[in-house]
Amino acid sequence: MDHASSSSCLLARALENHRVLGMLAPPTRSSLSKALIPVQASAGERLTGGERFGEHLYWLIEGQAQLLDADGDGVLDLQAGDLFGLGLGDALGICGARATTAVTCARLDALTVQTLCRETPGLTYFLGSLPGASRPVPGARAGGGGPSDPALNLMTTPVRALIKREPVALSPQTSIREAAQAMSDQRVSSVLITEQGLLFGLITDRDLRNRVIAAGLDTARPIADIATLAPMSIDVHSPAFDALLLMARHNIHHVPVLDGQRIVGMITATDLTEQHSTSAVYLAGDIYKQTTLDGLQAVASKVRRLQQNLAAAEASAHSTGHIVTAITDAITCRLLQLGEAQLGPAPVDYVWVAAGSQARSEQTAKSDQDNCMVIDDAYDEARHGAYFKALSTFVCDGLDACGYVHCPGEMMAMTDEWRQPRRKWMEYFARWTGQPDPKSLMLTCVFFDLRAIHGNMEMLDKLRQDVLQRTQGNSIFLAYMVGNALQHQPPLGMFKGLTTIRSGEHKGTIDLKHSGIVPIVDLARVYALAGGDSAVNTHDRLLGAAAGGAISEQSARDLRDALEFLAFLRIQHQSRQIAAGQNPDNFLNPDEISNFERAQLKDAFAVVASLQGVLAQRYRM
């Protein structure tokens, strides 16, 4: 028997005999044995530490180990069979583990732990107390959400993510004057001092102020005379929260970052303050303080980091969508306020309306803009047209400058067609629902998903009520809508295996948006149109469909879980791309995820395909 087979048999037997994991059904144990990642260590070797310790559950299969605090001191002894990690022991300040004998461990990510607890409720008795076990994961119920507290962002963000540039380093013999000039030229507040590539010390602008200028020191002297020698440092893999504690405990503002003995950068107290500033509450508040477009652009640039923090905190896709969308709403409202301050108050009432994913509160960091404007029927083109054109152009161009690019199809309020009085919108919807040609169906998909952002909200409510009266029970229109919805099919082959894109730029990937998320959104929209449901968010529409009898409670849960899982994968995928300096997209290579997640992905697609088939049968033409 080869080594891999032997390890597999060891895991299978250990799983079967474990007092907690043995509760799993045999098929689940079999799948889990393949998902577990083996970890081996010799006596005295560090098993875990830093960010990974809090992101995974560890199972000690053979040997003995010891849990460690932040200083590396032993806190608690572990025996074979014990589970640790995933935040267990936070109250004791546990930050890692070290082998005391030769050990064999297995590692399991938090997402899989949550899924196991959901599928085998009895596990929750043993694992439910683990902080990670209660975090939202793919397939979690809508409405859940991981904490987005800034402190949690710092716990889950590695120090390396805060490094903005290559370190500025000088030799100990460099003169104080030369060092000050280098700091000015490089626009840095500190400089590392190195000797033969190793960290020797550092100086800061505070040192120049207190130890040189205030003391009247000769600036020709070497910087070694004023340096902090052997400064405290932090490992590049440590969580940013450790850096915050280090600075707070020792009243320091600059910390060198090392990878072993290699210097990789410097982080400052400002870097950590900026990390706090990506919390949703801070961002939303900061948006309304801005008085210029440049200021709004600076705030909007933090949205991607916000999504990264939410992904690191394992917030549910449902919660992430609402938080990211709330920032878009705030930026839009502030632009409208700035526009009105510049152009004067609106001559007649209007309501600015979001469409598409913003309307559904399902945005991610990769979003273009879809919006329109509904104006009071007192609107007169000759007297009021120039004002509303100028205002809508100001806002749409401002959104584009803030990263919400112009809609490729020009479905924006700055386009004359989508900036109309309420009576004209009534005509639009009457035509689209009465003559459902392909363009009308497409426009209905875009503009049925509407949500008021700013202005006279009642104007949109009345318009929506009229549209629902036209669609409810309109079997011909609904049949066309179903046919339009079925154009997006899940990527499943003849035998329900995953199929990837066969050619082109995205060869070998799956389009999570158009092959998975959009079909669910389309299904929910049809249910809402058929049932006269005014809900806009997809989760809410699925709840309404179940309550109204359009689908069963079980089918609604399956679709919500499928949507949550697919959207969560998309957010995690985009977060990895952002961290790598890439533009986020929707194309996932199945090799990026575990076998366990691939099995869930196929299940999610199968749910969508099944419900699409049911709807197709119901509205056969």
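User: What share of the contacts in the protein between residues at least 6 apart in sequence join residues at least 24 apart?

Analyst: That share is 71%. Please keep in mind, as we go, that this is a predicted model.

User: Thanks! How do you know which parts of the prediction carry confidence?

Analyst: The predictor gives each residue a pLDDT from 0 to 100. For this protein the mean is 83, and 86% of the residues reach 70 or more. Residues 128–152 have a pLDDT below 50, and in the model this stretch has 78 contacts beyond near neighbours in sequence.

User: Why is C105 called buried?

Analyst: The word applies to residues under 20% relative accessible area. C105 has a value of 1%, so it counts as buried.

User: And what makes C445 buried?

Analyst: The cut-off is again 20%. C445 has a relative accessible area of 15%, which is under that limit, so C445 is buried too. Across the protein, 52% of the 621 residues count as buried.

User: Is G434 buried or exposed, and why?

Analyst: Exposed means over 50% relative accessible area. G434 is at 56%, therefore it counts as exposed. You will find G434 in helix α17, which covers residues 422–434. From G434 to T471 there are 37 residues in sequence, while their C-alpha atoms are 9.4 Å apart in space.

User: How many disulfides does a search of the whole structure find?

Analyst: Zero. To count, a pair of cysteine sulfur atoms has to lie within 2.5 Å, so the search found no pair that meets this limit.

User: What makes β3 and β8 a pair of strands?

Analyst: Pairing needs at least two bridges between the strands. Strand β3 (residues 56–62) and strand β8 (residues 103–109) are joined by six bridges, so they pair, and they run antiparallel. To see one partnership up close, look at Y58, whose bridge partner in β8 is R107.

User: Which sheet do these strands belong to, and in what order?

Analyst: They sit in an open sheet of four strands, ordered β1-β8-β3-β6, with antiparallel pairing.

User: Why are β1 and β6 called edge strands?

Analyst: Strands β1 (37–41) and β6 (83–85) each pair on one side only, and that makes them the edges of the sheet. On average, neighbouring strands here are turned by 35° against each other, direction ignored.

User: How many helices and strands are there in the protein?

Analyst: There are 24 helices and 21 strands. The accessible surface comes to about 27,600 Å², and carbon and sulfur atoms hold 50% of it.

Notes:
Residues are numbered from 1 along each chain as its sequence is written. This is a predicted model: local features need pLDDT of at least 70, side-chain atom pairs count only at pLDDT 80 or more; totals for chains, interfaces and linings use all residues. Side-chain values use heavy atoms; hydrogens and water are left out. Helices (H or I, at least four residues) and strands (E, at least two) are DSSP runs, numbered from the N terminus. Buried means under 20% relative accessible area, exposed over 50%, partly exposed in between (1.4 Å probe, protein chains only). Contact means heavy atoms within 4.5 Å. Accessible areas come from the Shrake-Rupley method with a 1.4 Å probe; for residues, only the protein chains shown count as cover. Axes are lines fitted to C-alpha atoms, for helices over the stretch in contact, and angles run from 0 to 180 degrees between N-to-C directions.
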